[in-house]
Amino acid sequence: MPVKGKEINNSNVFMWANILKITLIVVVALISLVPFLWIVMSAFKGRMDIMSPTINLFFKPTLSNFMEAFGPSGGFSIYFRNSLIVGISNVALCLIIGIPVAYTFSRYYVLGAKHLYFFILTTRMCPGIAIGVPLYVWFNKLHLLGTIPGVVLAHTTFNLALVVYMMKGFFDGIPKEIDHAALVDGYSEGQVFTRVILPIAKSSTIASAFLVFIFSWNELLFAMLLGGETARTLPAAFPGLVTALGTYWGQLCAAATVVAIPVIILAAFIQKYLVQGLTLGAVKG
Amino acid sequence: MNDAQIGTDLRRTSWKGWKWLWPGFILLLVIELIPWLIMGDYSFRNINYADPSATGGYVGWDNYRAAFHNSGFGSSLWLTFKMVFICLPIEFLLGLIVALSLTSQEKLKKWFLPIIIIPMIISPTVIGLVGNLNLNPDFGLIGITLKNLGLVKGAILGNYKLAPISIMAIDIWQWTPFVILIFTAGLLSLPKAPFEAASVDGASSWQTFWKVTIPLMKPIFIIGILLRFTDLFKEFDKIFIMTGGGPGSSTEISNIFAYRVNFQFWDLGYGSASVMLLYIVSFLACLLFVNFTTSKDIH
């Protein structure tokens with residue numbers, strides 16, 4: 001009898017604990033989603049609806065904000081193009097340079113490698129302004145201010161670390177026996193890398209590429225400082241919409257939607273690798 | 001000969017691997033080391049683009065002394081640390097609670113995780129706009145609600161007391177999902193053996209939690225804390241967009257202070273010194289991170 005009573009008690013506790021857990025999860029999901037959804041909805045609202053002092057779920061949707069921002073008078077289509085070029089160039093640069101570096105760290109005991117490895121980590125961890133100030137001065141001397149290559153180089157300062165750390169983590173997981181077997185088969189070291197290891201690394205490479213693109217696409221400080229007006233990316237254009245005449249909320253929301261949606265889509269593709277990428281390979285997702 | 005180079009020879013280090021390290025090394029030299037040297041140089045000089053009397057000559061440690069005595073640098077650093085030590089524990093605890101709640105909810109996980117990725121992966125610039133628009137007391141979702149509840153009377157981001165609270169709340173909104181994600185991954189990666197042993201020994205779930213789960217999660221906790229610490233220290237974009245340093249300097253964290261000194265006042269000498277000091281803190285954090293993660297690696 002006492003045992004039976006205790007069992008009922010336990011299952012009651014379990015039931016309530018479960019309900020609480022599920023409620024918490026749902027609430028957190030809603031909190032994460034709704035403020036962002038408000039922006040996306042506002043992108044499709046006319047000026048009166050955005051500034052309405054009451055919260056309306058229903059409004060007449062319009063594309064006017066997108067047309068104004070991305071049309072010929074808005075200039076945002078140029079910023080979009082700049083963001084795209086900067087992002088893709090950054091991916092190419094970081095992968096081409098970073099992957100061999102990661103492989104070397106993984107496979108070779110090289111003099112000075114540990115120090116370089118640590119130095120690369122510090123690049124990921126230092127505040128943007130710490131690099132932004134000297135880069136501004138340095139790029140000024142090199143006539144790289146206001147150019148796309150300048151912004152691409154600046155983004156490399158933090159994205160290279162991402163590629164190196166993530167890919168090294170991946171390469172560490174490939175047994176060295178595979179390298180040995182290939183060497184025994186007569187491949188040169190370079191061929192071991194390109195013909196044997198790289199093909200295995202496809203999904204990690206794509207994940208690194210997407211993450212590099214996302215971080216470059218999202219970035220503000222270097223784009224503002226070093227891109228100026230001629231190499232302005234999408235995020236760097238946001239401050240310009242807050243003018244003395246008022247804030248162009250509609251266009252801001254439209255631009256924000258265009259900045260956010262591609263990133264969400266890319267992130268959805270590489271969900272599995274997100275944890276690894278964001279923790280620099282320290283936590284396996 | 002080839003065997004010795006591919007990692008089996010533990011005693012011999014060589015220069016051979018450098019053939020692939022050169023491009024990366026040179027790139028980093030150009031975009032990291034040289035700028036750092038320039039900045040170090042500037043920090044000892046009196047360089048001010050806005051001041052015609054600043055000759056650019058060397059002034060020794062003057063800039064650093066000014067940084068220590070100037071209230072702007074100190075208060076911005078203090079604000080930064082306040083933000084770190086308020087946001088970090090909250091994100092940690094909330095993240096842990098949610099991650100634990102997720103452990104047995106496989107179906108919910110599939111929908112939940114993709115949704116919460118959104119705040120942490122979108123551009124901080126967009127996050128800034130999310131904060132700006134939602135917290136607007138006249139037509140923002142949260143602003144109107146708070147006003148209707150009587151909790152605020154006027155401006156939120158324009159109020160020097162509410163602005164810092166708001167930016168911390170937005171940071172918690174943005175980054176708790178990150179903590180949830182890595183703790184969830186961590187919980188999944190825990191070995192089963194200790195848990196089986198605990199249940200065989202008749203431990204209650206409460207005891208199992210404190211004596212098995214928490215100790216096993218310690219490495220993940222530390223990685224999460226270190227990453228959030230350094231990222232909070234790097235904070236700039238969303239606060240710049242939301243308040244630009246706040247009403248007065250109520251939300252002026254170190255990076256925004258440095259931005260103002262360097263690119264609004266153009267006092268690059270003093271600004272460089274401030275930035276060098278900021279560098280030191282993040283460098284120390286790096287040491288911790290490396291120390292911690294490499295001691296866990298088994299090479």
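**Two domains in chain A, and a helical partner in chain B**

The centres of domain 1 and domain 2 of chain A, taken over C-alpha atoms, sit 34 Å apart in this predicted model. Domain 1 of chain A covers residues 2–64, and domain 2 of chain A picks up at 66 and runs to 278, going by the domain assignment. Where the two meet, each puts in 9 residues: 9 from domain 1 of chain A and 9 from domain 2 of chain A. On the domain 1 side, the elements that supply two or more residues are α1 and α2 (47–50) of chain A. Of these, α1(A) gives the most, with 4 residues. Sorted by class, that side of domain 1 of chain A comes out as 5 nonpolar, 2 polar and 2 charged residues.

Next comes the contact between the chains. Here 83 residues of chain A are in contact with 86 residues of chain B. Helix α1 of chain A, spanning residues 2–43, turns up again as the top contributor, giving 14 residues to the side of chain A that touches chain B. That side of chain A breaks down into 62 nonpolar, 15 polar and 6 charged residues. As for the scores of the model, ipTM is 0.91 and pTM is 0.91.

Now for chain B itself. Chain B has 13 helices and 0 strands, so the run of elements from its N terminus is simply α-α-α-α-α-α-α-α-α-α-α-α-α. With a radius of gyration of 24 Å, well over the 19 Å that the globule rule gives for 299 residues, chain B is more spread out than a compact globule. Along its principal axes, the C-alpha trace of chain B spans about 80 × 75 × 30 Å. Some 42% of the 299 residues of chain B count as buried. Counting just the contacts in chain B with a separation of 6 or more, 67% come from residues 24 or more positions apart.

How far can chain B be trusted, going by pLDDT? The mean pLDDT of chain B is 86, and 93% of its residues reach 70 or more. The stretch to watch is residues 1–12 of chain B, where the pLDDT is below 50. In the model, this stretch still has 18 contacts beyond near neighbours in sequence. Where pLDDT is low, though, the predicted coordinates should not be read in detail.

Definitions and conventions
Residues are numbered from 1 along each chain as its sequence is written. Chains are lettered from A and ligands numbered from 1 in the order in which they are written. This is a predicted model: local features need pLDDT of at least 70, side-chain atom pairs count only at pLDDT 80 or more; totals for chains, interfaces and linings use all residues. Two residues are in contact if their C-beta atoms, placed from the backbone, lie within 7 Å. Ala, Val, Leu, Ile, Met, Phe, Trp, Tyr, Cys and Pro count as nonpolar, Asp, Glu, Lys and Arg as charged, and the others, Gly among them, as polar. pLDDT is the predictor's confidence in each residue, from 0 to 100. Domain bounds come from an automatic or database domain assignment. The radius of gyration is taken over C-alpha atoms; the globule rule is 2.2 Å times the number of residues to the power 0.38. A residue is buried if 20 or more other C-beta atoms lie within 10 Å of its own, exposed if 12 or fewer, and partly exposed in between; C-beta atoms are placed from the backbone.
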